[in-house]
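Welcome to a short tour of this protein. Have the model open as you read, and follow along from one region to the next.

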Amino acid sequence: MSKVAIVTDSNSGITQMEAKTLGIRVMPMPFYINDEQFLEDITLTQEQFYERLTDGAKILTSAPVMTDFTDLWDELLKDYDEIVHIPMSSGLSSTCSTAMMLAQDYDGKVFVVDNQRISVTQRQSVLDAMMLAEAGKSGQEIYDKLMENKMESSIYIMLDTLYYLKKGGRITPAAAALGTLLKLKPVLQIQGEKLDAFAKARTVKQGKSIMIKQVVDDCRDRFGSEKGENIHISIAYTYDVDAAEIFKKEVQEVFPDHDIVMQPLSLSIACHIGPGALALTATKAITV
């Protein structure tokens, strides 16, 4: 039976401490804040990130350098036969394509999973990979299972402010000014590769209702499970944990039988959307 190591990055929301408990490895994502490099959960905490973000610092995301991948893989292959590496979505970062290119030199021992996940959905892929590895599946079998489930996931994100989308050039200043004037709460979606517009809400209450309704619809229409059986329901947020706890209670009323996971949203997304965002996700469960 092949011994398989599981690797992901900090976009999964899995901390370095949690990774040790789980028996996996998490690559920290680099950030440049006013041209100084920081590593998520190593030299940059969530609190420090939001403090610098709200102070107006220039924050840029970056991909790990090539040797970050190869040094880690070389180390793991001393004790493991194969590696399953689960990076953030290729549509949101070059990290995945870099890993896939480097894996070609590892004679089929490194499997890079490009299943378009980020944050709590990426975390679920890691947990699924662990389950499959513990069941004795090979690296190829784990890769195939995760890729088979590639499009069976939805993320909806309600923004509290348009300021950071405008700052990053993702919407025009005029659109941001109009949206702010009308007090709009945009709802974005990730279906596969990209972060796209989904709906516009006039209030936080309406925005939350839109996300909940869409996840209910996805469970029924996309995943074939009207009550959400065999669907992982998760919540992510940026900075405002109290608002996230309130939202979790509201979602729990709709999905009373679910153990709803709640985690901070990836900082790689947070730097583009700012604090106060709420996200709701649904991911079809994988079975052995």
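## An exposed tyrosine with a positive phi

Let's begin at Tyr239, which counts as exposed because its relative accessibility is 54%, above the 50% cut-off for that label. You will find Tyr239 in the loop between β11 (231-237) and α10 (241-254). Its backbone deserves a look too: phi of Tyr239 is near 75°, a positive value in a residue other than glycine. Please keep in mind throughout that this is a predicted model.

Asp41 is another non-glycine residue with a positive phi, in this case near 65°. Asp41 sits in the loop between β4 (36-39) and α2, and with a relative accessible area of 35% it is partly exposed.

## The chain as a whole

Stepping back, the secondary structure of the protein chain comes to 11 helices and 13 strands. Along its principal axes, the C-alpha trace spans about 60 × 50 × 30 Å. For 288 residues, a compact globule would have a radius of gyration near 19 Å, and the chain agrees with that, having 19 Å.

Of those 288 residues, 49% count as buried. The protein chain exposes about 13,600 Å², and carbon and sulfur atoms supply 50% of that area. Among contacts with a separation of 6 or more, 75% come from residues 24 or more positions apart. One pair to look at is Asp74 and Tyr106: they are 32 residues apart along the chain, while their C-alpha atoms are separated by 9.4 Å. Asp74 belongs to helix α3 (residues 66-76) and is partly exposed, with a relative accessible area of 40%.

## Two nonpolar cores

Now for the interior. In soluble globular proteins, nonpolar side chains tend to be buried together. Here the largest nonpolar core has 30 residues, and Phe49, Ile59, Ile157 and Ile273 touch the most other members. The elements giving two or more residues to this core are β3 (30-33), α2 (46-54), β8 (153-158), α7 (163-167), β9 (185-190) and α11 (267-273). Of these, α11 gives the most, with 5 residues. A second, separate core has 21 residues, including Tyr156, Tyr237, Phe247 and Phe255.

Which residues does Ile157 contact, leaving aside its neighbours within four places in sequence? They are Pro186, Val187, Leu188, Ile190, Leu195, Met211, Leu265, Ile273, Ala277, Leu278 and Ala279. Gln189 is a polar residue to visit in this part of the model, placed in strand β9. Gln189 is buried, with a relative accessible area of 17%. Beyond its sequence neighbours within four places, Gln189 is in contact with Ile155, Tyr156, Lys194, Leu195, Asp196, Ala197 and Phe198.

## Helices with a buried face

Which residues of α2 are buried? They include Phe49, Tyr50 and Leu53. These residues cover an arc of only 90° around the axis, which puts them on the same side of α2. Just after α2, Gly56 takes a positive phi of about 90°.

Helix α6 (residues 139-148) can be read in a similar way: Gly139, Ile142 and Leu146 are buried. Seen down the axis of α6, its buried residues fall within an arc of 65°, so they line one face of the helix. The cover over these buried residues includes β1 (4-9), β6 (82-86), β7 (110-112) and α5 (119-134).

## Two cysteines without a disulfide

How many disulfides does the structure hold? There are 0. Cys96 is in no disulfide, and the nearest cysteine sulfur, that of Cys271, is 19 Å away. A disulfide is a covalent bond between the sulfur atoms of two cysteines. At 19 Å from the closest cysteine sulfur, in Cys96, the sulfur of Cys271 is too far for a bond.

Are these cysteines buried or exposed? Cys96 is buried, with a relative accessible area of 0%. Cys271 also counts as buried, at 9% relative accessibility.

Technical notes:
Residues are numbered from 1 along each chain as its sequence is written. This is a predicted model: local features need pLDDT of at least 70, side-chain atom pairs count only at pLDDT 80 or more; totals for chains, interfaces and linings use all residues. Side-chain values use heavy atoms; hydrogens and water are left out. Buried means under 20% relative accessible area, exposed over 50%, partly exposed in between (1.4 Å probe, protein chains only). Helices (H or I, at least four residues) and strands (E, at least two) are DSSP runs, numbered from the N terminus. The arc is that of the directions from the helix axis to the C-beta atoms. Contact means heavy atoms within 4.5 Å. A nonpolar core is a set of buried Ala, Val, Leu, Ile, Met, Phe, Trp, Tyr and Cys residues joined through side-chain atoms within 4.5 Å. The radius of gyration is taken over C-alpha atoms; the globule rule is 2.2 Å times the number of residues to the power 0.38. Accessible areas come from the Shrake-Rupley method with a 1.4 Å probe; for residues, only the protein chains shown count as cover. A disulfide is a pair of cysteine sulfur atoms within 2.5 Å.
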